[in-house]
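Here is a friendly walk through one protein model, meant to be read with the structure open beside you. Shall we take a look?

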Amino acid sequence: MKKHFIYKYGLLLSVLIAIGCGSCQKDNYVQYDAGYASLRFIYAAEGNDSIVYSFALHPDKQEDIVEIPFKLVGLAVGQVREIGVEVVKEETTAQENDHFIIERSELPADSIKGILKVKVKKTPELENHNLVATFRLCGNENFAAAPVNENTYKIVLTNHLTEPAGWPFGEYSRIKHQFVIQTLGIATDYDKWSTSESIYYTGIMVNALYEYNKAHPGEPLTDENAICAVQAARLRRSA
């Protein structure tokens, strides 16, 4: 009985393997194309396909480079490959050459990641309203068209203060941000602070706010909503 069961089990296994191998030889079987290559933008978070660049955070600059990361879909090769990029005109209010210039960008040899570089310019228009430049990864002689849901990226240009990533000083306001810049000389990259750095700098800001209000009796620092900074800002030490 045991030998009969082993024989039947072995026969069944052989049949299944034969069927599987046969199906691999069918013309409609999906094959992996080792030569396929495409690109996609790398978003900081799911659905976050834009970046705000504020010249107000860089008052000493008239132009700058914004770096947008992208990733290879496919296999790396031992040669540099230029990428294809186009402006999405229907979603762009900035003028190419006047407000931004797409720099020549390439995927380095033997790499799966690269950087799209866009030169942005400070212009008088930014004093009154923001400008938008939207880009799309497109196919060229090196790459196929990028996946639809990962092929566009937007740069919003402004000359006003905006809430930066990792803002650690309670509820955000532009006046408070300006006060932090004047006190610390640090306008961005708060998200890179360690816990001890956040506690240290928050302590400095608490003391600076106290000294400011003491030097201006009856006129405490207020934000753009005319709310007392001591109450609204809540510059307190982080846990």
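## A buried serine to start with

Ser 173 is a good place to begin: its relative accessibility is 3%, so it counts as buried, the limit being under 20%. Please keep in mind that this is a predicted model. Along the chain, Ser 173 sits in the loop that runs between strand S10 (152–158) and helix H2 (174–184).

What does Ser 173 touch once its neighbours within four places in sequence are left aside? The contacts of Ser 173 are then with Asp 223 and Glu 224.

## The overall layout

Stepping back, the protein has 4 helices and 10 strands. Read from the N terminus, the order of the elements is α-β-β-β-β-β-β-β-β-β-β-α-α-α.

The protein has 239 residues, and 31% of them count as buried. Its accessible surface is about 15000 Å², with 52% of that belonging to carbon and sulfur atoms. Take the contacts between residues at least 6 apart in sequence: 70% of these join residues at least 24 apart.

## Two loops and their contacts

Tyr 43 is placed in the loop between strand S1 (37–41) and S2. Glu 150 is 107 residues away from Tyr 43 along the chain, yet their C-alpha atoms are separated by 8.3 Å. Not counting residues up to four places away in sequence, Tyr 43 touches Asn 48, Asp 49, Asn 149, Glu 150, Asn 151, Thr 152 and Tyr 153.

Ile 112 belongs to another loop, the one between S7 and S8. Is Ile 112 buried, partly exposed or exposed? With a relative accessible area of 40%, Ile 112 is partly exposed, because that class covers values between 20% and 50%. Leu 39 lies 73 residues from Ile 112 along the chain, and 9.1 Å separates the C-alpha atoms of the two. With residues up to four places away in sequence not counted, Ile 112 touches Phe 70, Lys 71, Leu 72, Ala 76 and Leu 107.

## Aromatic pairs

How many aromatic pairs are there? The count comes to 13 aromatic pairs. One of them joins Tyr 53 and Phe 55: the ring centres are 4.9 Å apart and the planes stand at 75°, so this pair is edge-to-face, the class for angles over 60 degrees. Tyr 53 counts as buried at 9% relative accessibility, and Phe 55 is buried too, at 0%.

Tyr 200 and Tyr 201 also form an edge-to-face pair, with 5.2 Å from centre to centre and 65° between the planes. Tyr 200 has a relative accessible area of 53% and is therefore exposed, as that class starts over 50%. Both tyrosines belong to a cluster linked by ring pairs, made up of Trp 167, Phe 169, Tyr 172, Tyr 190, Trp 193, Tyr 200 and Tyr 201.

## The largest pocket

Next comes the space between the atoms. The largest pocket holds about 760 Å³. Its lining is made of 24 residues, and those nearest its centre are Ile 51, Val 52, Pro 164, Ala 165 and Asp 189.

Which elements give two or more residues to this lining? They are strand S2 (50–54) and strand S3 (63–74). S3 gives the most, with 6 residues. Sorted by class, the lining of the largest pocket has 13 nonpolar, 6 polar and 5 charged residues.

## Two positive phi angles

Most residues other than glycine have a negative phi. With that as background, two residues are worth finding in the viewer.

Asn 97 has a phi near 80°, a positive value in a residue other than glycine. Asn 97 is found in the loop between strand S5 (84–87) and strand S6 (100–102), and at 48% relative accessibility Asn 97 counts as partly exposed.

Asp 110 has a positive phi as well, about 60°, although it is not a glycine. The loop that holds Asp 110 runs between strand S7 (106–107) and strand S8 (113–121). Asp 110 has a relative accessible area of 60%, so it falls in the exposed class, over 50%.

Methods: Residues are numbered from 1 along each chain as its sequence is written. This is a predicted model: local features need pLDDT of at least 70, side-chain atom pairs count only at pLDDT 80 or more; totals for chains, interfaces and linings use all residues. Side-chain values use heavy atoms; hydrogens and water are left out. Rings of Phe, Tyr and Trp (its six-membered ring) pair if their centres lie within 6.5 Å; planes under 30 degrees apart count as stacked, over 60 as edge-to-face and the rest as tilted. Buried means under 20% relative accessible area, exposed over 50%, partly exposed in between (1.4 Å probe, protein chains only). On a 1 Å grid over the protein atoms alone, a cavity is a set of points where a 1.4 Å probe fits but cannot get out, and a pocket is an open set with protein on both sides within 12 Å along at least five of seven lines; lining residues have an atom within 4 Å of a point. Grid points are joined across faces, edges and corners, and a volume is the space filled by probe spheres set on the points. Ala, Val, Leu, Ile, Met, Phe, Trp, Tyr, Cys and Pro count as nonpolar, Asp, Glu, Lys and Arg as charged, and the others, Gly among them, as polar. Contact means heavy atoms within 4.5 Å. Accessible areas come from the Shrake-Rupley method with a 1.4 Å probe; for residues, only the protein chains shown count as cover.
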